[in-house]
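Biologist: I have the sequence and the 3D view open. Could you walk me through the fold, beginning with the strands?

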Amino acid sequence: MDDEEAVAAVLVPPQLKRFRELCEVDGPIEPRFDGYTKHVLLTEDRAFLFPRNHTIVDQLERECDVYSTVDHPLVAKLLGRWDEPAISPYPFFAVTRFRGSSPGEISPEQLPTIAEQLGAALAASHEIDVNSTPQRLWANAWSDPPATPPTAADCYSPVRDLGGAEHLTEAAGPLSPAARKTLLDALEAVEAMDPVLAHGDLHEGHLLLDDSGTLTGVLDWGFGGVLSPIVDFTCSQWDSTSWAAETSYGDLRHHLWTSYAEHRSAPLPAWEQIHLALTTFDIVALAPETQTHYYWQKSPEWQATRRAAAQACLPALLD
């Protein structure tokens, strides 16, 4: 099946004719059907986003709110929105198209460069004044937004979602008083970070690289929102093969955070505190009794191995 035939899965011939007229599309169209929430039709310079069904419309509207807010070369810009029943029963959108392909499996040699580029891109998004973001983005994708932008104390946070700093400190296991204070201080420092416009669903499948390995785009901001910055550093959706590219436990996050911190103007916790907090996050999030959505696509064997690595790392960090 060629591209023109495949496009019929989204737009039948009368719809396609009207689409070409309204959106001024003359050339070839490349369909992409691998997204969970949307079909994408690629033209030479634009990506047209069509929700798969009515339940996705709000999430796609949310994603496009991000594109209309963030001004960064690695984040798409919103170019148009249409409500045209002769083309689609749902609104559809156009954003800038990025060239490149998903990195798939990342090698140990690629990991530092990709993470450093991504950290810098995240910093640019996180620098945006949250008061200037649309209200729809003032919560995560599955919560109603508050009346005013959230604060560090009430924005969505993975640490808070697991029970908060005190709970994670207790769940980390027996600790000396000094070690307990060090860990609690680190978790509280992470919780005190001001909320930012975060991606919320980062993994290598949402990145595009060119042939040289340079990051060309950060895609799919449908779960973006005004959230704790740490949301973008749990790396809980990254593929197991990318984790395997780490030379040691925490390597991916270290490269991400170091680059990110270099490009942020806001005061931030030191890497050592971030490492402590995320190591404890792994211990708690991957405990069989926790049963959270974190790492939900990973096998029990992978989760047990990762949790064991975190448990082995924590005492050294607290020594």
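Modeller: Please keep in mind that this is a predicted model. It contains an open sheet of five strands in the order β1-β2-β3-β5-β4, and the pairing is antiparallel.

Biologist: Which strands stand at the edges?

Modeller: Those are β1 (30-32) and β4 (78-82). Each has a single partner strand, so one side of each is left without a neighbour in the sheet.

Biologist: By how many degrees are neighbouring strands turned against each other?

Modeller: On average by 20 degrees, with direction ignored.

Biologist: Let us go along the sheet. How many bridges join β1 to β2?

Modeller: Three bridges join these antiparallel strands. They form a hairpin, with five residues between β1 and β2. Within this pair, Glu30 is found opposite Leu42 of β2.

Biologist: And how is β2 joined to β3?

Modeller: Strand β2 (residues 38-42) runs antiparallel to β3, and five bridges join the two. The connection is a hairpin through three residues. Leu42 has Ala47 as its bridge partner in β3, and Leu41 stands opposite Phe48.

Biologist: What is on the other side of β3, towards β5?

Modeller: Four bridges join β3 to strand β5 (residues 92-96), again in an antiparallel arrangement. Leu49 stands opposite Phe93, while Arg46 is opposite Thr96.

Biologist: Do any helices belong in this picture? Which strands does α2 touch?

Modeller: Helix α2 packs on the sheet and touches β3, β4 and β5. Its direction makes about 130 degrees with that of β3. Helix α3 (residues 57-69) also packs on the sheet, where it touches β2, β3, β4 and β5. The direction of α3 makes about 150 degrees with that of β3.

Biologist: Back to β3 for a moment. Is it buried or exposed?

Modeller: Six of the six residues of β3 (residues 46-51) are buried, so the strand is largely enclosed by the rest of the structure.

Biologist: Which residues lie on each side of β3?

Modeller: One side carries Arg46, Phe48 and Phe50, and the other carries Ala47, Leu49 and Pro51. Both faces are covered, as these residues are all buried.

Biologist: Why do the residues of a strand divide in that way?

Modeller: In a regular strand, side chains alternate between the two faces of the sheet.

Biologist: How many residues of β2 are buried?

Modeller: Five of its five residues are buried, and β2 is mostly covered. Lys38, Val40 and Leu42 lie on one side of β2, with His39 and Leu41 on the other.

Biologist: Now the helices. Which residues of α2 are buried?

Modeller: In α2 (residues 13-23), the buried residues are Gln15, Leu16, Phe19, Arg20 and Cys23. Viewed down the helix axis, they fall within an arc of 135 degrees, so they line one face of the helix. Pro13, Pro14 and Lys17, on the other side of α2, are exposed.

Biologist: What comes just after α2?

Modeller: There Glu24 takes a positive phi of about 55 degrees.

Biologist: I also picked out Tyr67. Where does it lie?

Modeller: Tyr67 lies in helix α3. This residue is buried: its relative accessible area is 5%, and the cut-off for buried is under 20%.

Biologist: What does Tyr67 touch?

Modeller: Leaving aside residues up to four places away in sequence, Tyr67 touches Leu49, Val75, Ala76, Lys77, Leu78, Val95, Leu219, Asp220 and Trp221.

Biologist: And what separates Tyr67 from Ser212?

Modeller: Their C-alpha atoms are separated by 26 Å, and the two residues are 145 residues apart along the chain.

Biologist: Different topic: how do α10 and α11 cross?

Modeller: The axes of α10 (residues 271-285) and α11 (residues 300-318) come within 8 Å and cross at roughly 145 degrees. The crossing of α10 with α11 is left-handed.

Biologist: Which residues meet there?

Modeller: From α10 there are His275, Leu276, Thr279, Thr280, Asp282 and Ile283. They meet Arg306, Arg307, Ala310, Gln311, Cys313, Leu314, Leu317 and Leu318 of α11.

Biologist: How do the residues of that contact divide into nonpolar, polar and charged?

Modeller: Seven are nonpolar, four are polar and three are charged.

Terms used
Residues are numbered from 1 along each chain as its sequence is written. This is a predicted model: local features need pLDDT of at least 70, side-chain atom pairs count only at pLDDT 80 or more; totals for chains, interfaces and linings use all residues. Side-chain values use heavy atoms; hydrogens and water are left out. Buried means under 20% relative accessible area, exposed over 50%, partly exposed in between (1.4 Å probe, protein chains only). Two strands pair if DSSP finds at least two bridges between them. Axes are lines fitted to C-alpha atoms, for helices over the stretch in contact, and angles run from 0 to 180 degrees between N-to-C directions. A crossing is left-handed if the near helix is turned anticlockwise from the far one by less than a right angle, and right-handed if clockwise. Contact means heavy atoms within 4.5 Å. Ala, Val, Leu, Ile, Met, Phe, Trp, Tyr, Cys and Pro count as nonpolar, Asp, Glu, Lys and Arg as charged, and the others, Gly among them, as polar. The arc is that of the directions from the helix axis to the C-beta atoms.
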